[in-house]
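Me: I am new to this structure and would like a close look at a single part of it, followed by some sense of its surroundings. Please take your time over the answer.

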Amino acid sequence: QSGGGSEEPRSQEGAEEKEPKLRDTPEDISFEASANTIAFHPSRDVIAAGDVDGDVYLYSYSCLEGGNQELWSSGHHLKSCREVSFSHDGQKLFTVSKDKSIHILSVEEGRLVTRVPKAHSSALNSLLVIDEHLFATGDDNGMLKVWDLRKGTAFMEMQQHEEYISGMAIDENKKLLLTTSGDGTMGVFNLKRHRFELQSESQNGDLTSIALMKRGKKVACGSSDGTIYLFNWNGFGATSDRFAVKAESIDCMVPVTENVLCTGSIDGVIRAVNILPNRVIGSVGQHLGEPIEQLAKSHTGQLLASCGHDQKVKFWDISSLSSIVVDDYRKRKKGGQLKALSRKAFGGGDDFFADLREEIEAPKEEEEEKEKEDSDESDSD
């Protein structure tokens with residue numbers, strides 16, 4: 001399938017005015033219900049989304065005006081679809097739902113290939129595709145299951161968390177599976193030995209998301225209290241560093257480079273954050289005043305997509321983030337406005353929300369306090 005809208009006009013007359021406009025990013029995709037989850041195809045310009053009604057959509061996207069096309073939609077889930085993820089070869093789409101079921105759909109036509117109806121005894125919340133045979137699921141009660149498609153069953157079932165499992169990550173060797181939970185802890189599970197290894201000490205808020213950074217040497221966890229907690233690889237018991245972002249919460253994160261990740265928050269702002277030195281670089285974009293549910297990075301690494309409570313999937317150009325180098329010496333500018341990192345972000349070239357900027361400015365007294373601290377503040381590695 002073509003990326004939509006890529007065909008040349010047949011006749012040359014009138015081709016000038018028909019030529020679709022090229023944009024920086026694809027247009028927003030609007031849904032009838034709020035999308036909880038999005039995932040980019042590993043090799044094609046295709047994005048999947050799952051919504052609160054349990055419907056799953058597949059779209060091709062393009063930077064040509066009018067270039068996005070719905071390829072298919074599937075309404076198999078009875079309740080909210082909580083997470084979607086492509087298989088590594090891009091031929092299957094895994095979905096998990098509040099209805100406790102796991103579905104595997106064919107990407108070509110959206111056909112239901114495999115269905116596990118009562119996969120867990122609680123609503124499913126998170127999903128991680130590990131390799132061509134294995135995937136993991138986590139539920140609202142803290143139960144983790146690891147499945148083998150060849151056997152059609154789970155070979156690991158462990159309930160170490162007391163609250164919902166919010167996110168999962170795995171190392172390159174596919175040996176250690178890390179989980180974040182609403183109970184404020186990170187769990188470490190050994191896939192090779194089929195056993196639970198350890199649980200981190202409990203942090204203040206719910207842990208909401210997880211990303212491996214610095215070539216797997218650091219683990220970053222987002223939290224509902226707006227703090228990023230950092231762990232050293234193999235130092236999973238206690239945090240090595242913590243970093244409070246000026247956001248009410250960090251609800252989702254996606255690594256963009258080895259040092260930079262993007263966070264989505266309840267305030268609707270997508271921030272780019274550098275890890276060690278810990279610094280908010282600026283804003284990539286925003287869903288105006290609407291909480292962001294999930295972020296995803298495209299297979300080319302040029303685009304970030306976000307879905308929020310405004311029932312839209314939006315695309316952001318993040319190509320500039322790969323060249324950003326953050327200096328170790330903290331240079332904090334006066335005035336709390338986030339620097340715009342894309343043309344569509346507040347303060348960017350297309351910014352006509354100038355009067356709304358106040359919302360994302362830091363409260364003044366916080367600024368004064370920070371300036372006092374500045375002289376003696378340093379980042380610990």
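Which residue in S24 is the bridge partner of Cys-262?

Reply: The model shown here is a predicted one, and that should be kept in mind throughout. In strand S24, the bridge partner of Cys-262 is Ala-272. This pair belongs to the contact between strand S23, which covers residues 260-264, and strand S24, which covers residues 269-274; these two strands pair in the antiparallel sense, over 5 bridges. As general background, the strands of a sheet pair through backbone hydrogen bonds, and they may do so in a parallel or an antiparallel way.

Stepping back from this pair, one finds that S23 and S24 sit within an open sheet of 4 strands, whose order is S22-S23-S24-S25 and whose pairing is antiparallel. The edges of this sheet are formed by strand S22, at residues 252-255, and by strand S25, at residues 279-286, each of which pairs on one side only. If direction is ignored, neighbouring strands in this sheet are turned against each other by 25° on average.

Another part of the chain can be set beside this one. Strands S10, S11, S12 and S13 form an open sheet of 4 strands in the order S10-S11-S12-S13, with antiparallel pairing. Here the edge strands are S10 (124-129) and S13 (153-159), and each of them pairs on one side only. The twist in this sheet averages 20° from one strand to the next. Within it, strand S12, at residues 143-148, runs antiparallel to S13 and is joined to S13 by 6 bridges; Met-143, for example, has Gln-159 in S13 as its bridge partner.

The UniProt record, an unreviewed entry, places the feature "repeat: WD" at residues 117-157, 158-199 and 292-326. Over residues 292-326, the chain is 51% strand and 0% helix, and the C-alpha atoms at the two ends lie 26 Å apart.

For the chain as a whole, the count is 28 strands and 2 helices. Of its 381 residues, 51% count as buried. Among the contacts in the chain with a separation of 6 or more, 47% are accounted for by residues 24 or more positions apart. Finally, the accessible surface of the chain comes to about 17,600 Å², and 44% of that surface belongs to carbon and sulfur atoms.

Key:
Residues are numbered from 1 along each chain as its sequence is written. This is a predicted model: local features need pLDDT of at least 70, side-chain atom pairs count only at pLDDT 80 or more; totals for chains, interfaces and linings use all residues. Side-chain values use heavy atoms; hydrogens and water are left out. Two strands pair if DSSP finds at least two bridges between them. Axes are lines fitted to C-alpha atoms, for helices over the stretch in contact, and angles run from 0 to 180 degrees between N-to-C directions. UniProt positions are given in the numbering used here, feature names are shortened, and annotations may be inferred rather than shown by experiment. Buried means under 20% relative accessible area, exposed over 50%, partly exposed in between (1.4 Å probe, protein chains only). Contact means heavy atoms within 4.5 Å. Accessible areas come from the Shrake-Rupley method with a 1.4 Å probe; for residues, only the protein chains shown count as cover.
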